[in-house]
Amino acid sequence: MATIGVDIDVAKAILEQGGLVAIPTETVYGLAGNAFDIDAVAKIFKTKDRPTFDPLIVHVDSFERLSEFTEELPDKAVQLTKVFWPGPLTILLKRKAVISDLVTAGLETVAVRMPRHELTRELLKSLNFPLAAPSANPFGYISPTTAQHVQQQLGDKIEYILDGGDCRVGVESTIVSFEDEVPKVLRLGGISVEEIEQVIGKVEVNSHSSSQPQAPGMLKSHYAPKKKIISIEDFDEGMNDLSACGFLRFNKPDHRFLLENQIILSESENLNEAAKNLFGSLRALDQNPNINIIVVSFVPELGLGRAINDRLRRATAK
Ligand code: TXA
Ligand code: MG
C-alpha cells in the first residue's frame with residue numbers, strides 16, 4: 001500500500017529520484033512524474049497500463065517553466081490562460097525538443113496546464129522540472145477524486161499519495177487546441193464551453209470523434225466502471241431484477257426503484273455540485289455488492305452538464 005500524507009518534501013524526494021507520486025488537483029488526482037525524465041514518463045504508462053499512443057498533460061506553476069519546453073502561446077491561448085489559469089484548462093502548444101515523444105505520443109503539440117490546487121502548486125514550485133500527470137486511475141476506469149480512490153487502485157504500485165482532500169471540480173480539465181482558425185475543444189471538462197466562448201468567441205466542439213482520437217479522453221469507451229452500465233433510455237425494466245439495479249440520478253430519486261440503490265448527484269440541480277459528485281458516485285455504485293447493473297440518467301446539456309454527459313456517454317458506450 002502507498003503512504004497517504006501531506007508532506008511535500010517526501011513527494012519532492014521521490015520525484016527527484018525518478019519515482020512517481022499521486023498528486024491532488026482541483027479536477028481529479030494525477031499520477032505524476034518528471035516530464036523531462038523519459039524513464040519516469042515510461043513508468044507512468046506502465047503503472048496505468050496506458051497505451052503509449054495516448055499522450056500526457058504536463059503541469060507547470062509558471063510561464064517561465066512553460067517557455068522552457070513550448071513555443072509562444074497564440075493570442076487566444078494568452079486570453080484564456082489569463083482568465084482560467086491556474087485552473088481546469090489544458091491547452092495544446094507547439095513543443096520544443098526537450099519534451100520527449102513519449103510524453104506527446106509523437107505529436108508536434110504538448111498538452112499543458114497550470115493546476116490550482118495549493119498543495120500541488122507548492123510541490124511544483126519546489127521542483128526544477130514540470131510534472132507529466134495523467135489521471136491516477138488504471139487506463140479506461142473511473143478517474144479518482146480522493147486519495148482513497150487512488151489507494152484502492154494504484155496503491156500497490158506507487159509509494160506516496162499526496163492527500164489534498166476531495167477534488168473541488170470533479171471532472172478533468174477542458175482541452176483546447178489552437179491549430180485551426182477557430183479554436184477547438186477536444187475534451188469537455190471543468191471549464192464550460194460557454195465560459196470559454198465568453199473570452200475568445202465561438203469555438204468548435206470536437207470531442208466525439210472516435211475513429212481517430214485526437215484527444216483520446218476522446219476514446220469512445222472510457223471512464224467505465226467494472227459492472228455493466230447502461231443509460232436509462234436503453235434500460236428494459238422487464239428484463240432486469242430491479243432490486244439489483246443501481247441508479248445514478250441527477251436531482252431526485254425515481255420512485256419506481258429501491259431508494260437505497262440510488263445516488264443523487266445534486267438535489268439542488270447544481271451542475272457544479274453534480275460534476276464534483278460524479279466519479280465518486282459511479283465508484284460507489286460499482287463497489288456496492290447489492291448491485292449488478294448501473295443505470296444512469298443524463299443531466300441538462302449546459303455548463304458542466306456537457307462534461308458530465310460526455311463522461312456518462314463514454315461510460316455507457318460499448
Ligand atoms: O484534469 C486533468 O486534465 C487531469 C489532471 C490530473 O490534470 N489529467 C488528465 O490526464 O485528465 P489524462 O491523461 O487522463 O487525459 C489527458 C488527455 C488525454 O485524452 C490525451 O489524449 C489528451 O489529454 N492529450 C494529451 N496531449 C495531447 C496532444 N498533444 N494532442 C491532443 N490530445 C492530447
Ligand atoms: Mg484519464
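Helices are taken here as DSSP runs of at least four residues, numbered from the N terminus, and it is in one of these, helix α10 of this predicted model, that Asp 310 and Arg 314 both lie, four residues apart, or about one turn of the helix. The two residues form a salt bridge in which the closest N and O atoms are 2.7 Å apart. Asp 310 has a relative accessible area of 1% and Arg 314 one of 5%, and because buried means under 20%, both residues count as buried. Salt bridges that share partners join this pair with Glu 172 and Arg 311 into one network.

Within that network, Arg 311 forms a salt bridge with Glu 172, with 3.0 Å between the closest N and O atoms. This pair links distant parts of the chain, since Arg 311 belongs to helix α10 (residues 304-316), whereas Glu 172 is found in the loop between β8 (160-162) and β9 (174-177), 139 residues apart. Arg 311 is buried, at 1% relative accessibility, and Glu 172 is likewise buried, at 5%.

A further salt bridge joins the side chains of Asp 180 and Lys 184, at 3.0 Å from N to O. Here Asp 180 counts as partly exposed, with a relative accessibility of 42%, while Lys 184, at 14%, counts as buried. The pairs described above are among the 15 salt bridges that a search of the whole structure finds. In general, side chains of opposite charge can pair when their charged atoms come close.

Technical notes: Residues are numbered from 1 along each chain as its sequence is written. Chains are lettered from A and ligands numbered from 1 in the order in which they are written. This is a predicted model: local features need pLDDT of at least 70, side-chain atom pairs count only at pLDDT 80 or more; totals for chains, interfaces and linings use all residues. Side-chain values use heavy atoms; hydrogens and water are left out. A salt bridge is a side-chain nitrogen of Lys or Arg within 4 Å of a carboxyl oxygen of Asp or Glu. Helices (H or I, at least four residues) and strands (E, at least two) are DSSP runs, numbered from the N terminus. Buried means under 20% relative accessible area, exposed over 50%, partly exposed in between (1.4 Å probe, protein chains only).
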